[in-house]
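The following note sets out, in numbered points, what may be read from the model under review. Please consult it alongside the sequence and coordinates.

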Amino acid sequence: MLDIIKLLPDSVANQIAAGEVIQRPASAVKELMENALDAGATQIDLAVKDAGKSMIMVVDNGCGMSETDARLCFERHATSKISKAEDLFAIRTMGFRGEALASIAAIAQVELKTRRKEDEVGVKIVNEGSVVKEQSLVPMQSGTTFTVKNLFFNVPARRNFLKSTQAEMRHIVEEFTRVSLMNPEIGFTLNSDGKEIYHLYPGNLKQRIMGLFGSNYEERLLPVHQETERIRIDGYIVKAEYAKKTRGEQYFFVNKRFIKHAYLHHAIENAFLEMIPTESFPGYFLNIEVDPSEIDINIHPTKTEVNFLDVKLVYAILHAAVRKAIGQHNLSPMIDFEEPAELSKDFGVAMGMAQPLSIPNVPIDPNFNPFKKEHSLHESRWEGSFQPSKNVPSGDWRMLYGERTDLQKEAVGTEGENQNQGHYLQVNQSYIVTTIKSGLLVIDQNLAHSRILFEKYLKELENCSGVSQQELFPQAISLNVNDALLLKEMLTELEDIGFALEQANPTTFMINGTPSDAAGCDVVDLLEKIIENYKLNRTDLQLDRKLNLAKTLAMQLSIKPQTRLSDLEMQNIVDQLFACNVAEVAPNGKKIYVILNMEEYFK
Ligand code: ADP
Ligand code: MG
């Protein structure tokens with residue numbers, strides 16, 4: 001029998017390889033723009049026709065190529081950016097594989113015009129399907145222009161696979177955004193079918209974000225900056241109140257290279273936890289600078305994935321950096337009662353998950369100062385009874401309510417047994433209403449209580465100090481094998497928070513004790529919900545596991561709407577709420593209270 005293995009001709013090999021690198025017009029856009037960046041351009045202009053299907057043109061004013069290089073650049077594995085294996089660990093350029101131009105030329109008609117500063121004239125090369133069709137000298141400015149026509153002209157199957165013009169254009173805009181975002185010192189333009197879509201002037205990162213996403217981002221952004229020995233994080237996050245329902249504005253870069261990294265994304269998302277309503281996503285534009293030896297970008301041809309040597313460290317620093325940015329931002333509304341106060345950074349850190357949402361359109365009495373009786377803020381701001389620490393003594397907060405008005409006494413009359421007993425009024429058996437100096441404070445009892453419990457459970461998980469209540473008649477919970485394994489994974493944390501569970505057989509646990517707040521509730525149901533939520537938010541990180549658990553328990557065990565409360569119960573809720581680190585939002589991101597300014601109303 002004859003031998004049957006043959007080496008593929010280069011043109012076919014290139015076409016096959018091209019499939020990996022160039023999936024759609026946007027992939028060619030990305031490669032060409034990155035080459036322009038690597039060439040040191042300060043101005044990069046992109047023009048497309050028909051969403052890049054008929055034409056893509058990238059013009060740069062970078063270093064240009066010699067005549068020989070201009071021919072060589074279309075060869076597979078032809079690159080000026082690395083030359084030996086060690087270089088792979090010191091990559092500072094966007095490209096390094098020497099694959100892109102070979103791939104593009106294999107499946108399109110490419111015209112290259114390029115001139116170095118030192119050369120008198122430029123060179124023009126036309127390459128179609130990996131074959132050089134034309135080479136000539138041309139007069140031109142220094143720099144490089146690539147024009148790619150009829151992408152996939154020789155791969156009809158691919159061409160037919162392309163999506164609608166709008167969809168392909170969206171991909172192009174996305175690539176353009178990714179490349180231009182972290183290079184704000186470079187000017188960019190994008191033209192589509194003769195219309196200018198973006199004109200980005202050189203500037204700083206904030207200006208670039210506004211150029212790409214709109215000038216209303218000016219007030220939406222919070223700066224993030226964190227420097228340690230090994231990494232540096234810079235950029236902006238979008239304030240929690242502007243979180244979107246779509247994942248759109250999440251841009252994460254490593255050494256200015258856009259990457260997707262589920263684990264690190266999680267670090268950011270988690271820093272926002274409980275400030276953003278469920279099903280909304282935080283926005284961010286962040287770049288991490290690390291020594292190239294700390295990362296491995298060589299894992300996928302399209303290079304949106306990166307491996308870190310010490311990803312846990314990066315996670316922790318990233319999480320802390322975002323947390324800090326949020327904390328510092330959220331300080332001011334809390335202090336605004338009196339005047340913008342200067343605060344030490346420690347305060348921001350102590351606040352941890354400080355106030356995420358300012359209350360819109362509710363004017364706050366500028367003369368009001370909750371701490372005045374004890375102390376004059378002007379004399380010694382942080383001494384005396386108010387400590388900038390975790391627990392604000394609740395007594396101070398009670399001054400928030402100021403003088404009682406007759407309004408309350410009258411209104412209380414409608415609530416039967418609470419009549420004239422205290423300062424709180426329950427409306428619809430769901431809201432606690434009380435007067436404050438400027439008007440009415442209306443608190444959602446369910447959300448308030450879930451916040452109180454959430455912080456309590458977090459503390460208990462931290463100190464392993466949950467109080468357990470023995471069950472007189474232990475119930476059994478039977479699970480499927482998977483869920484039983486999950487429950488086992490969580491046992492330590494569950495014990496820390498007050499559960500006493502004992503495995504009876506591989507799929508059954510005896511519930512010997514429950515957290516004291518869970519008395520009287522369906523504990524089997526509760527545990528099933530905990531397992532379900534754990535599955536949804538599964539993670540290896542102990543910190544997140546704790547947050548999740550505290551959140552689930554708090555939401556499950558909090559006082560439900562439509563529950564009658566005594567005056568004392570209402571008072572306890574109000575006091576405890578304002579002793580929380582974050583009194584404004586519940587763990588599910590919802591606002592806990594509103595202030596109705598009476599004067600405003602009657603005006
Ligand atoms: P890579 O970028 O991985 O090196 P490419 O196939 O994208 O591979 O490019 C091959 C080579 O062509 C580059 O290494 C570079 O030397 C040269 N080159 C490509 N585009 C440009 C450009 N716009 N300006 C100057 N040189 C370029
Ligand atoms: Mg390249």
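1. E249 is to be classed as buried, because its relative accessibility is 14% and the cut-off for burial is under 20%. This residue is placed in the loop between β10 (231–238) and β11 (250–254). Its side chain makes a polar contact of 2.7 Å with the side chain of Y217. The model is a predicted one, and this contact, like every value below, is computed from it.

2. A second loop residue, Y424, belongs to the segment between α12 (406–412) and β16 (425–427). Is Y424 buried or exposed? With a relative accessible area of 1%, Y424 is buried. In sequence Y424 and D567 are 143 residues apart, yet their C-alpha atoms are separated by 6.2 Å.

3. D50 offers a contrast in accessibility. The residue sits in the loop between β1 (43–49) and β2 (55–60). Its relative accessible area of 33% makes D50 partly exposed, since that class covers the values between 20% and 50%. D50 also has a positive phi, near 60°, although it is not a glycine. Most residues other than glycine have a negative phi, so the backbone at this position merits inspection.

4. Helix α2 (residues 25–38) passes a simple check of length. At 1.5 Å a residue, its 14 residues should span 20 Å, and the end C-alpha atoms are indeed 20 Å apart. The helix is mostly covered, with 13 of its 14 residues buried. Just after α2, G40 adopts a positive phi of about 80°.

5. Which residues have the most contacts inside the largest nonpolar core? They are L46, I56, F74, F146, F176, F188 and F285, in a core of 61 residues. Helix α2 gives the most to this core, contributing 7 residues. Another core lies apart from it and has 35 residues, including I91, I297, V314 and I326.

6. T189 is located in strand β7 (residues 187–192). A relative accessibility of 8% means that T189 counts as buried. T189 is 13 residues from F176 in sequence, and the two are 9.2 Å apart in space, C-alpha to C-alpha. F176 is among the residues with the most contacts inside the largest nonpolar core.

7. The surroundings of ligand 1 comprise 19 residues, of which N35, T79, S80, K81 and G98 come nearest. A polar side-chain atom of S80 lies 2.5 Å from an oxygen atom of the ligand. For K81, a polar side-chain atom is 2.6 Å from an oxygen atom of ligand 1. G98 takes part through its backbone, where a polar atom lies 2.7 Å from a ligand oxygen.

8. How much of ligand 1 does the protein bury? Taken alone the ligand exposes 530 Å², and the protein buries 93% of that. The elements that give two or more residues to the shell are α4 (100–106) and β6 (143–149). By class, the shell is made up of 8 nonpolar, 7 polar and 4 charged residues.

9. Helix α13 also agrees with its expected length: at 1.5 Å a residue, 19 residues should span 27 Å, and the end C-alpha atoms are 27 Å apart. Because 15 of these 19 residues are buried, α13 is largely enclosed by the rest of the structure. Its N-terminal end is capped by D444, a side-chain oxygen of which lies 3.0 Å from the backbone nitrogen of N446.

10. After α13 comes C464, with a positive phi near 50°. C464 lies in the loop between α13 (445–463) and β19 (468–478). Like D50, with its positive phi near 60°, C464 is a residue other than glycine. The reader may wish to view these two positions in turn.

11. L547 is placed in helix α17 (residues 542–557). Its relative accessible area is 11%, so L547 is buried. L547 and Y457 are 90 residues apart in sequence, while their C-alpha atoms are 8.9 Å apart in space.

Key:
Residues numbered from 1 in each chain as written. Chains lettered and ligands numbered in written order. Predicted model: local features only at pLDDT ≥ 70, side-chain atom pairs only at ≥ 80, totals over all residues. Heavy atoms only, no water. Helix = DSSP H or I, 4+ residues; strand = E, 2+ residues; numbered from the N terminus. Expected span 1.5 Å × (residues − 1). Buried < 20%, exposed > 50% of the residue type's maximum accessible area, 1.4 Å probe, protein only. Near = heavy atom within 4 Å. Polar contact = N/O pair within 3.5 Å; in protein donor to acceptor, adjacent residues only side chain to side chain. Areas by Shrake-Rupley, 256 points an atom, 1.4 Å probe, with all protein chains shown as cover. Nonpolar A, V, L, I, M, F, W, Y, C, P; charged D, E, K, R; others polar. Core = buried A, V, L, I, M, F, W, Y, C linked by side-chain atoms within 4.5 Å.
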